[in-house]
Amino acid sequence: MLRYAIAFLAFLLPATAAAHDHDHDGEPASWSIAIHGGAGTLERSAMTPEREAAYTASLQAALDAVAEILRAGGTAEDAVIAAITLMEDDPLFNAGRGAVLTFDGGISHDASLMLGDSRAAGAVAGISDVRHPILLAREVMRDGRHVFLSGEGAEEFADDTELERMDSEWFVTEPRARALERFRQSVVSHADDDEHRFGTVGAVVRDMHGNLAAGTSTGGMTGKRWDRIGDSPVIGAGTYADNRSCAVSATGSGEYFIRAVVAKSICDLMLLSGMGPMEAGDNLMAEVEELGGSGGVIVVSPSGETAFSFNTSGMYRGRADSTGVNEVGIFGD
Ligand code: ASP
């Protein structure tokens with residue numbers, strides 16, 4: 001447990017100590033957002049200054065765009081969509097353009113969105129030609145007949161929307177192609193390759209109107225086969241939002257997050273046992289670790305308190321709120 005708490009403190013200190021105090025002493029934030037861009041093995045020594053600067057700038061740009069929406073009274077839904085669509089277009093992240101590749105070198109996006117006031121939700125899995133998978137998840141939610149669509153059926157559903165479509169090559173980047181090559185070799189050599197799933201994106205928001213929302217978008221894991229679906233589009237595992245308890249977006253080894261029903265369980269701990277977002281997040285990450293999984297979560301409470309909990313050496317992350325908190329982080333040490 002201590003590891004998670006230390007990771008959390010490391011995120012806050014030293015630059016954000018004042019913001020941390022403010023969080024605890026002051027009135028609740030009227031709006032609040034936390035974002036992630038994936039978690040995994042990420043050593044400071046393996047990160048070039050250029051790469052670190054690029055990730056930091058991307059996270060900050062997403063955070064700033066969303067903060068502006070929320071400051072102007074925008075909804076949690078709009079804020080989550082804005083953060084995720086920006087990161088989906090950013091080739092640095094494993095979502096939209098820049099998503100990891102399947103074993104056959106293809107694209108297979110998963111995404112989900114949930115609103116805390118109505119608990120309306122929409123999710124899509126295994127889609128390959130919608131520019132913004134999170135927008136298709138929103139269309140499914142708005143349509144309301146179903147919660148979860150997959151593969152060709154989901155794309156057929158997309159045909160009835162105005163959503164922008166792309167050739168699958170548009171999503172493919174050079175670094176992801178190289179990662180697939182390394183993955184294929186590691187399968188042969190049985191080497192462990194953690195890089196294969198870095199960069200899933202997610203956002204959790206509390207807006208001025210008191211509503212929560214959460215969203216997650218990913219290409220999944222490099223080299224995935226057999227139409228494998230991870231936790232990201234699974235409501236309750238990778239994404240959950242309920243105004244009474246919390247909003248969560250997860251990233252990591254999806255199979256374990258599904259088995260531990262991470263996102264909904266964090267909200268349940270907060271609702272039923274009165275835990276704060278940090279403690280509840282740590283509890284579920286401890287469970288994931290016990291099962292053998294790794295990754296992290298971002299959580300926002302109904303009062304706008306945010307938390308990051310992860311058991312990996314790094315998680316791309318950021319948060320901002322109406323009290324002046326505005327920070328991004330990468331490493332956990
Ligand atoms: N959770 C995602 C999945 O399992 C991958 C990730 O977050 O890195 O598909």
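Here is a short chat about how some labels for this predicted model were earned.

Me: What makes β2 "mostly covered"?
Reply: Buried means under 20% relative accessible area. In β2, residues 109–115, seven of the seven residues are buried, so each of them falls under that 20% cut-off.

Me: Which residues of β2 point which way?
Reply: H109, A111, L113 and L115 point one way, while D110, S112 and M114 point the other way, and all are buried. In a regular strand, side chains alternate between the two faces of the sheet.

Me: How do you know that β2 and β3 are paired?
Reply: Two strands pair if there are at least two bridges between them. Five bridges join β2 to β3 (residues 121–127), so the pair qualifies, and the strands run antiparallel. A111, for instance, stands opposite V124 in β3. In the hairpin of these strands, five residues lie between them, and R119 takes a positive phi near 55°.

Me: What makes β6 a partner of β2 as well?
Reply: The cut-off is at least two bridges, and β2 and β6 (residues 212–218) have six, so they pair too, in the antiparallel sense. M114 has A214 as its bridge partner in β6.

Me: Why is β8 also called mostly covered?
Reply: The reasoning uses the cut-off of under 20% for buried. Seven of the seven residues in β8 (residues 246–252) are buried, so the label fits. C246, V248, A250 and G252 point one way, with A247, S249 and T251 pointing the other way.

Me: How do you know that β8 pairs with β7 and with β9?
Reply: Pairing needs at least two bridges. Four bridges join β7 (residues 239–242) to β8, and six join β8 to β9 (residues 295–300), so both pairs pass. Both run antiparallel. D242 stands opposite C246 in β8, and T251 stands opposite G296 in β9. A hairpin of three residues joins β7 to β8.

Me: Why is the space inside called a cavity?
Reply: A cavity is a set of points where a 1.4 Å probe fits but cannot get out. The count comes to one cavity of 30 Å³ or more, and about 80 Å³ of space lies in the largest cavity. It has 13 lining residues, and the closest to its centre are T200, T218, D231, S232 and G252.

Me: What makes up that lining, by class?
Reply: The lining of the largest cavity has one nonpolar, nine polar and three charged residues. Gly counts as polar, so G252 is put in the polar class.

How values were computed: Residues numbered from 1 in each chain as written. Predicted model: local features only at pLDDT ≥ 70, side-chain atom pairs only at ≥ 80, totals over all residues. Heavy atoms only, no water. 1 Å grid on protein atoms, 1.4 Å probe; cavity = no way out; pocket = protein on both sides within 12 Å on 5 of 7 lines; lining within 4 Å. Points joined across faces, edges and corners; volume = space filled by probe spheres on them. Buried < 20%, exposed > 50% of the residue type's maximum accessible area, 1.4 Å probe, protein only. Helix = DSSP H or I, 4+ residues; strand = E, 2+ residues; numbered from the N terminus.
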